[in-house]
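Here's a walk through a two-chain model, one piece at a time. Keep the structure open as you read.

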Amino acid sequence: MSSLVLTTRDPSGPPIDMTGVLPERLFEGGREALAGLMLVRGRGRHRLDTLFKLEDGGPPGTLVLHPGSAVLDGVGTGMTAGELRVEGECGAYAGSAMRGGTLTVSGNCGAFAAAGMAGGNLRVAGDAGDFLGAPLAGGTRGMSGGSVVVAGNAGDRVGERMRRGLIAVHGRVGSLCGARMIAGTIVVGAGCGPDAGQAMRRGSILLPQAPASVPSGFVDGGMNDWLFLDLMRKELIDGGAWPSGFPTGGTRARRLIGDRSTGGIGEMLIVSEV
Amino acid sequence: MLTKLAGGRVYDPANGRDGAVGDLFVRDGRIVADPGPGAAPDEVHDLSGRVVMAGAIDIHSHIAGGKVNIARLLMAEEHRPTAEGPCGCGGLATPSTHATGCRYAQMGYTAAFEPAMLPSNARHAHLEMADIPLIDTGGYLVLGNDDLLLELLASGAGEEAVADYVGFMLNATRSLAVKAVNPGGINAFKYNQRRLDVDETGPFHAITPRRILTALAGAVQRLGIPHPLHLHGFNLGVPGNVEATLDSIAAVDGLRLHLTHVQFHAYGAEGDRKFSSAAARVAEAVNRRPNISVDVGQIMFGQTVTASADTMAQMNNAGLAHPKKWVMMDIECDAGCGVVPFRYRDKAFVNALQWAIGLELFLLIEDPWRIFLTTDHPNGAPFTSYPELIRLLMDRDHRLAHMAELHPALPEHTILGSLTREYSLGEIATMTRAAPARILGLTDRGHLGPGAVADITVYTDRPDRRAMFETPDLVFKDGRLIVRDGVVVALVQGRTHVVEPAYDPTIESWMARRFDERMGQRLTHFRIAEEEIRGGNGLLRHACQPGAF
């Protein structure tokens, strides 16, 4: 099984659209197919091998980008299989419309990461920008499958109009987390900004404490025992998606139900108030 | 510079040539007579065995203006880069201006006209049309629901005052023709009405669509505008709307009238599904009346987006949106529109019958000078589907084979299977070149006679007409080669076609008052200066002939 390391020749300068640079191409056309891929950088189109140095190496079936850079947009867009690793940071649209495989970013990533994602795994060791797991422009649904784990913080509108899947942010998230959410699970380790869950229909947002101002469309369902929390915790711990500040045992949590202003029956589970 | 196009089979219906082998000579961007044996051409193209036609002209294609941009925004997914290509030029339904020009030229078209330019949006539409490379453009001004006109009519103004109003508006907005979209209906929609028939009084101005229609058709006649009133009729898409279509034909009482995307207005409400083809009735009415012309607005299967100023019809269609998203914008204003994405499905009975109705109209209307090839881009299908449509018209076997793949109930509801007509190359040249130029008053386009602009398309004669019309060998614009083997080889800019009918300027003081009171801008700002269009170097004026039509 082949593998390849792409070394960015110029990690600064105009952005590079990385659409199409995918690990599955290693199986389809190998090194030559990747080398000849035409990429847009700024206003020009360039062969991939003029922008990156190609070297064999890395674990089998893996494509490695080294070093990462904020100018690399669309890393892993539409990825279906294999593993893509970014050693460092990357730009916007990382893992957008991803359907399978694993994308790992050891630094920060920009806006629209995992936007329109339908499957696969995205792991970000740093922070993520706005619109994490939100719809792509023109789309009517956000993330519809797969899992995203961000070790740092994330921006506004995390999981907007999310349909299915998991987003776990170990740090803080910005405003409108889970806005217009249809289903799925969002885990936030260190609190969220204003207007979380606005107009959400169903789905779960797990928080360490209630938002400073509970949105007006949510009603307090009180403290209860939720047996599923044990199962969920086990699953999330295995996936590295259970924030360190969350309780490691117990099944009690406070439940806020909403957004009732739009007839929603989603929930915010306040897991640390046991 | 003298260019010789030697030995092609020339299809030039306006000059009575139907495939005869001959030479064409081009000098300084225009076709010239044979300069004789002494003249030495600077460039010779050997076109032996090839088919030569004038550049094609699309009489009705939504390529600019507010609704087109809203459609681009709404269909943002069409503009995403993909693994196949990073170009964000847009998909088939909502191409960018650049892609629009290139795709038209690649199919051998050298002109396309925006048929729904709302007065308040005219400046923007012109800026956008000027940004479309390679083809000539122009806009038809939408009137018929504007409060100023309706107020004028309601006050009992005479024909002369209406003609002055229309004349001023055409001049001010730099338009080529007048279009009426569901006249009276869109205004009624603002007062929450969902349907308005030809003789039904509107809820606010208390005048009927028939009154508006006859007033506008009369004004067009009086001003001598070459193109007849371009009518987007009543109750678009509603089963049984054929009655309103036939009423419209009768209402103009011999005045010239162009019924646009008539396929959407040729529906009966008969049969077990309460939806039937009324193409034969419309075709019969058109065949009998030489004052009527139509373009079809054929639907083709697949994803597209519908964008129309007919907010009443679009609101009715909104529930059918695919994907499920739609916009009704500025519906309380004079420049409102509705954008509803739509996917025509070949296995759906209604869509299959719409497809058949369009083809029935093409095949039953006898005179190719009065029927035009359109899909009402992007409403029925993107304009890039024209080559396939031409194949359906020219190849009965292909038509029948395609029909067999559609909804199984279709054959019982259409006479399409029994229609044996196949269009000839000459008829295609008429309906896509000579006839559009003639009905728009473009005297130096659409034909290949001496003096004509050298907009020329050269095809290889292939049995597969789709392949033939999809990829011309050569396309010339103003005598310059712009496409070779389907690839754009040079970017040039076209012109903007307009008419400037004479009118009595005293109407302006009445209008200036109304603009000050209600319109949010001064009349002087509303008027578009010549310098604003293509840097002042793009207007092409066509003569009006009062009383000639």
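Let's begin in chain B, where strand β21 (residues 474-477) and strand β22 (residues 480-484) run antiparallel and are joined by four bridges. To find the register, look for F476(B): its bridge partner in β22(B) is L481(B). The two strands make a hairpin with two residues between them, and D478(B), in the turn, has a positive phi of about 50°. Bear in mind as you look that this is a predicted model.

Carry on along the chain and β22(B) turns up again in another pairing. Its partner here is strand β23 (residues 487-488) of chain B, antiparallel, over two bridges. V483(B) stands opposite V488(B) in this pair. Once more there is a hairpin with two residues between the strands, β22(B) and β23(B), and in its turn D485(B) has a positive phi of about 50°. As background, most residues other than glycine have a negative phi, and most peptide bonds are trans.

That background is handy for a few other spots. Phi is also positive at A206(B), near 55°, and this is a residue other than glycine. You'll find A206(B) in the loop between α6 (185-189) and α7 (209-223) of chain B. Is A206(B) buried or exposed? It counts as exposed because just 11 other C-beta atoms lie within 10 Å, and the cut-off for exposed is 12 or fewer. Over in chain A, A199(A) has a positive phi near 60°, and A199(A) sits in the loop between β13 (185-188) and β14 (204-207) of chain A. A199(A), though, counts as buried, because it has 21 C-beta neighbours inside 10 Å and the cut-off for buried is 20 or more.

Now for the peptide bonds. In chain B, H377(B) and P378(B) are joined by a cis peptide bond with omega at about -5°. P378(B) belongs to the loop between β19 (371-372) and α12 (386-394) of chain B. Chain A has a cis bond to show as well: it joins H66(A) and P67(A), with omega about -10°. P67(A) is in the loop between β6 (62-66) and β7 (72-73) of chain A.

β7(A) takes us on to a sheet. Four strands of chain A form an open sheet in the order β4-β3-β2-β7, with mixed pairing. Its edge strands are β4 (44-47) and β7 of chain A, each of which pairs on one side only. Strand β2 (residues 16-17) of chain A pairs with β7(A) in the parallel sense over two bridges, and I16(A) has L72(A) as its bridge partner in β7(A).

Back in chain B there is another open sheet, of three strands in the order β16-β18-β17, and here the pairing is antiparallel. The edges are β16 (302-308) and β17 (327-329) of chain B, each pairing on one side only. On average, neighbouring strands of this sheet are turned by 20° against each other, direction ignored. Helix α1 (residues 66-74) of chain B packs on the sheet and touches β16, β17 and β18 of chain B; the direction of this helix makes about 55° with that of β18(B). Within the sheet, β16(B) and strand β18 (residues 337-344) of chain B run antiparallel and are joined by seven bridges. One residue to pick out is A307(B), whose bridge partner in β18(B) is V339(B).

For a single-residue view, try G7(B), in strand β1 (residues 2-12) of chain B. What is G7(B) in contact with, leaving aside its neighbours within four places in sequence? The answer is V21(B), D23(B), D46(B), L47(B) and S48(B). Take D23(B): G7(B) and D23(B) are 16 residues apart in sequence, yet 5.3 Å apart in space, C-alpha to C-alpha. G7(B) is partly exposed, because 18 other C-beta atoms lie within 10 Å.

Finally, zoom out. Chain A is divided into domain 1 (1-85) and domain 2 (111-274), and 32 Å separate the centres of these two domains, taken over C-alpha atoms. Chain A averages a pLDDT of 92, and 99% of the residues score at least 70. Confidence in chain A is lowest in helix α1 (residues 24-28), at a mean of 83, and highest in strand β10 (residues 121-124), at 98. Where the chains touch, eleven residues come from chain B and eleven residues from chain A. By class, the chain B side has six nonpolar, one polar and four charged residues.

How values were computed
Residues numbered from 1 in each chain as written. Chains lettered and ligands numbered in written order. Predicted model: local features only at pLDDT ≥ 70, side-chain atom pairs only at ≥ 80, totals over all residues. Contact = placed C-beta atoms within 7 Å. Nonpolar A, V, L, I, M, F, W, Y, C, P; charged D, E, K, R; others polar. Pairing = 2+ DSSP bridges. Axes fitted to C-alpha atoms, helices over the stretch in contact; angles between N-to-C directions. pLDDT = per-residue confidence, 0-100. Domains from an automatic or database assignment.
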